[in-house]
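Please find below a short note for a reader who is new to protein structures. The points are numbered and may be read alongside the sequence and the model.

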Amino acid sequence: MRPRHVFLGLLLAAVGVWLACARLFPPAGSGRLLRLPLKGAGFRGAELALQPVEQAVLAGATWRKRTYDVGGQQCVLIAIDGTGNRHALHDPTYCFRGAGWEIVGQQTLALDGGEARRVQLRRGQERSEAVYWYSDGRTRQPNAWRAWTGTILQRLQLRRWSGETVLVMLQPAGARALDWPTLLRDFPELQQL
């Protein structure tokens with residue numbers, strides 16, 4: 001046999017073993033979203049239904065959409081685990097722009113194990129802001145490309161070294177600006193996602 005045929009046969013066998021393992025040991029998902037409490041010390045929440053466009057984007061993914069009152073500050077949380085739909089893990093700036101918002105400023109917020117991105121938004125005379133980050137359960141960071149790359153590596157390695165990547169997005173529930181560092185400090189369960 002020629003060395004090229006041996007190499008090709010070994011390569012095909014390796015791909016076959018990888019595919020069999022991927023089927024036998026499917027991704028378990030993070031479970032972190034399912035454990036996020038509705039109430040705790042200093043906060044309480046309520047479930048929200050997805051809008052039709054959100055349902056289409058998040059079909060097959062595990063998600064949580066809730067309002068939370070954290071020490072008198074009301075916010076909306078959308079958290080997405082893309083295990084069942086890898087396209088659901090997206091760059092939030094696309095959503096903001098798609099809803100007609102213009103990003104007029106951004107800053108970094110410190111989190112346990114990393115950082116989040118805080119964006120200031122404008123739509124006509126309306127002003128708002130949002131905070132978001134991606135988490136693998138150990139590290140938190142706001143870069144979509146880094147999250148996607150990490151997810152691809154997790155899938156190739158059959159998720160042996162880290163948890164599934166989760167996208168966490170927060171926005172004020174009303175027009176009132178929020179004190180994000182205080183909200184995040186008083187709701188530590190968010191940083192554990």
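1. The structure holds zero disulfides. A disulfide is a covalent bond that joins the sulfur atoms of two cysteines. The model discussed here is a predicted one, and the absence of disulfides is therefore a statement about sulfur positions in that model, where a pair would have to lie within 2.5 Å.

2. Two cysteines may be considered individually. Cys75 is buried, and its relative accessible area is 0%. Cys95, in contrast, is partly exposed, with a relative accessibility of 39%.

3. The overall architecture comes next. Seven helices and nine strands make up the secondary structure elements of the chain. The chain has 193 residues, of which 39% count as buried.

4. Contacts along the chain also deserve attention. Among contacts with a separation of 6 or more, 59% are between residues 24 or more positions apart. As for the surface, the chain exposes about 11,000 Å², and 58% of that area is supplied by carbon and sulfur atoms.

5. How many salt bridges does the model contain? The count comes to six. Three of them, including the pair Glu54 and Lys65, are described in the points that follow.

6. The side chains of Glu54 and Lys65 form a salt bridge, with an N to O distance of 2.9 Å. Glu54 belongs to helix H3 (residues 52-58) and Lys65 to strand E3 (residues 62-70), so this salt bridge ties together parts that are eleven residues apart in sequence. Are these two residues buried or exposed? Glu54 has a relative accessibility of 19% and counts as buried, because the cut-off for that class is under 20%. Lys65 is likewise buried, at 9% relative accessibility.

7. A salt bridge also links Glu126 with Arg123, where the closest N and O atoms are 3.3 Å apart. Glu126 is partly exposed at 41% relative accessibility. Arg123 is also partly exposed, with a relative accessible area of 30%.

8. Asp186 and Arg185 provide a further salt bridge, and their closest N and O atoms are 3.0 Å apart. Which of the two is exposed, and which is partly exposed? Asp186 is partly exposed, with a relative accessible area of 27%. Arg185 is exposed, since its relative accessible area is 56% and the class begins over 50%.

9. To summarise the salt bridges, Glu54 and Lys65 are both buried, Glu126 and Arg123 are both partly exposed, and Asp186 is partly exposed beside an exposed partner, Arg185.

Note on methods:
Residues are numbered from 1 along each chain as its sequence is written. This is a predicted model: local features need pLDDT of at least 70, side-chain atom pairs count only at pLDDT 80 or more; totals for chains, interfaces and linings use all residues. Side-chain values use heavy atoms; hydrogens and water are left out. A salt bridge is a side-chain nitrogen of Lys or Arg within 4 Å of a carboxyl oxygen of Asp or Glu. Helices (H or I, at least four residues) and strands (E, at least two) are DSSP runs, numbered from the N terminus. Buried means under 20% relative accessible area, exposed over 50%, partly exposed in between (1.4 Å probe, protein chains only). Contact means heavy atoms within 4.5 Å. Accessible areas come from the Shrake-Rupley method with a 1.4 Å probe; for residues, only the protein chains shown count as cover.
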